[in-house]
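Trainee: I've just opened this one and I'm not sure where to look. Could we go through it together?

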Amino acid sequence: MSQSSAAKTKGRSVVEDKLYPAPLSSHEDVSKDPIVFWDTLRRFHFIMGTKFMIPVIGGKELDLHVLYVEATTRGGYEKVVAEKKWREVGAVFKFSPTTTSASFVLRKHYLTLLYHYEQVHFFKMQGPPCVPSASFSVHSPSCRPGLALVEYSPKRINDHPDSHIEGQSCFTAVGRIDGKFDCGYLVSVKLGSETLSGVLYHPDHPGPSTSFCQSNDVGAIIPYTPNSKRRYGRRRRSKRRGDPSYPKPNRSGYNFFFAEKHYKLKSLYPNREREFTKMIGESWTNLSPEERKVYQNIGLKDKERYNRELKEYKERLKLRQGEGANS
């Protein structure tokens with residue numbers, strides 16, 4: 001058995017061997033008070049022996065309290081899945097347009113981090129843990145990648161000359177379904193020596209690119225091209241290497257916490273550096289909301305510092321360019 005499959009089996013057995021504890025607070029209290037929610041959620045995962053971490057989506061920490069409230073307001077996990085309301089839940093978070101498959105990701109994180117918590121605090125379940133009938137996993141045996149017969153009709157986009165493939169009006173290709181979410185499938189299609197990855201939307205859910213496609217192309221693959229902003233951090237570092245006066249990139253609250261803890265751990269355990277990341281991550285998870293807020297505020301101040309220095313840098317750069325043009 002591989003290490004990854006062994007870890008998953010171990011994770012399942014930990015939950016299966018436990019019994020649901022009594023509610024740590026009422027559903028009304030955890031819904032109204034984020035501090036009570038975060039405290040009881042961390043304690044719940046500790047009691048159940050399950051791993052707890054705060055997911056990051058689009059560069060921001062996911063507010064699990066908002067996610068819990070939105071899902072339970074709609075009847076809980078099972079009902080949201082059955083009525084296909086994850087897209088509606090995701091709209092509350094106002095994710096960046098570059099964040100893809102938000103419904104899929106929210107459902108996955110809810111199942112991992114909030115489902116059992118919901119059973120105890122919302123449904124007041126007791127005894128052995130419940131098994132969600134609407135569970136899913138892209139990598140589970142029941143969800144092996146399948147085959148997708150995809151018909152793709154290349155057409156001009158806004159009459160752009162490069163958007164048309166000469167000599168081809170339509171072709172059919174056999175692809176693979178890599179994942180599934182509320183509005184369609186994540187698919188891969190091999191055309192000759194090239195493999196294309198994209199999103200195949202259901203006919204009643206025309207994807208985000210409908211403004212560029214004809215209505216009869218809804219079933220076609222919509223290719224995904226990573227936004228250049230995803231490499232923004234790398235580009236900033238390269239600019240700093242090229243120009244020492246370029247502002248130092250800002251750091252998040254977790255980055256400051258990590259640096260502080262790493263310095264302390266290095267002096268205490270000089271021969272265990274490989275374990276530091278895990279140890280620091282667990283320490284961050286165990287912080288109270290108030291303690292975490294201290295570091296997050298430091299991160300916000302550093303972001304303000306970076307924006308201020310970047311503005312000054314651009315003004316200096318514009319001034320130098322103006323002087324060069326006049327000389």
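Trainee: Which helix do Arg305 and Asp302 both lie in?
Mentor: This is a predicted model, so keep that in mind as we go. Arg305 and Asp302 sit 3 residues apart, about one turn of the helix. An α-helix has 3.6 residues a turn, so residues three or four places apart point the same way. The helix holding both Arg305 and Asp302 is H12, residues 289-326.

Trainee: How far apart are the closest N and O atoms of Arg305 and Asp302?
Mentor: Both Arg305 and Asp302 are buried. Their side chains form a salt bridge, which needs a nitrogen and a carboxyl oxygen within 4 Å. For Arg305 and Asp302, the closest N and O atoms are 2.9 Å apart.

Trainee: Which residues do salt bridges with shared partners join into one network?
Mentor: A search of the whole structure turns up 8 salt bridges. Where salt bridges share partners, they link up into one network, and its members are Glu70, Arg74 and Glu88.

Trainee: Is Lys85, which meets Glu83 in a salt bridge, buried or partly exposed?
Mentor: The side chains of Lys85 and Glu83 come together at 3.0 Å, N to O. Glu83 has 38% relative accessibility, so it counts as partly exposed. Lys85 has a relative accessible area of 25%, and buried would need under 20%. That makes Lys85 partly exposed.

Trainee: What is the N to O distance in the salt bridge of Glu275 and Arg272?
Mentor: Start with how open the two residues are: Glu275 is partly exposed at 38% relative accessibility. Arg272 is also partly exposed, with a relative accessible area of 35%. Their side chains meet in a salt bridge, and the N to O distance is 2.8 Å.

Trainee: Which side chain of opposite charge is nearest to Arg42?
Mentor: Arg42 belongs to helix H3. Arg42 is buried yet has no salt bridge. A salt bridge needs the atoms within 4 Å, while the nearest side chain of opposite charge is 5.3 Å away. That side chain is Asp39.

Trainee: What does Arg42 touch, leaving out residues up to four places away in sequence?
Mentor: Look well along the chain from Arg42, and you'll find one of its contacts is Phe52. The others on the list are Thr285, Asn286, Leu287, Ser288, Pro289 and Arg292.

Trainee: How many of the 10 residues of helix H4 are buried?
Mentor: H4 covers residues 64-73, and its buried residues are Leu64, His65, Leu67, Tyr68, Glu70, Ala71 and Thr72. What covers them includes helices H2, H3, H5, H6, H7 and H8. H4 is largely enclosed by the rest of the structure, because the number buried is 7 of the 10.

Trainee: What lies at the two ends of H4, and which residue just after it has a positive phi?
Mentor: At the start of H4, a side-chain oxygen of Asp63 reaches to within 3.1 Å of the backbone nitrogen of His65. Just after H4, a phi of about 105 degrees turns up, and the residue is Gly75.

Trainee: How wide an arc do the buried residues of H6 cover around the axis?
Mentor: The buried residues in H6 are Trp86, Val89, Gly90 and Phe93. They are on the same side of H6, because the arc they cover is only 100 degrees.

Trainee: Which helices are included in what covers the buried residues of H6, and what follows H6?
Mentor: Right after H6 comes Lys94, with a positive phi near 50 degrees. As for the cover over the buried residues of H6, it includes H4, H5 and H7.

Trainee: How far apart in space are Ala22 and Gln126?
Mentor: Ala22 lies in the loop between H1 and H2, and at 54% relative accessibility it counts as exposed. Ala22 and Gln126 are 104 residues apart in sequence. In space, C-alpha to C-alpha, they are 7.2 Å apart.

Trainee: What is the mean pLDDT of the protein?
Mentor: In this protein, 65% of the residues reach 70 or more. Over residues 137-170, though, the pLDDT is below 50, and residues 204-222 are also below 50. The mean for the protein is 74.

Technical notes. Residues are numbered from 1 along each chain as its sequence is written. This is a predicted model: local features need pLDDT of at least 70, side-chain atom pairs count only at pLDDT 80 or more; totals for chains, interfaces and linings use all residues. Side-chain values use heavy atoms; hydrogens and water are left out. pLDDT is the predictor's confidence in each residue, from 0 to 100. Contact means heavy atoms within 4.5 Å. Buried means under 20% relative accessible area, exposed over 50%, partly exposed in between (1.4 Å probe, protein chains only). Helices (H or I, at least four residues) and strands (E, at least two) are DSSP runs, numbered from the N terminus. A polar contact is a pair of N or O atoms within 3.5 Å; within protein, one must be able to donate a hydrogen and the other to accept it, and residues adjacent in sequence count only if both atoms are side-chain atoms. Lys and Arg count as positive and Asp and Glu as negative; His and the chain ends are not counted. The arc is that of the directions from the helix axis to the C-beta atoms.
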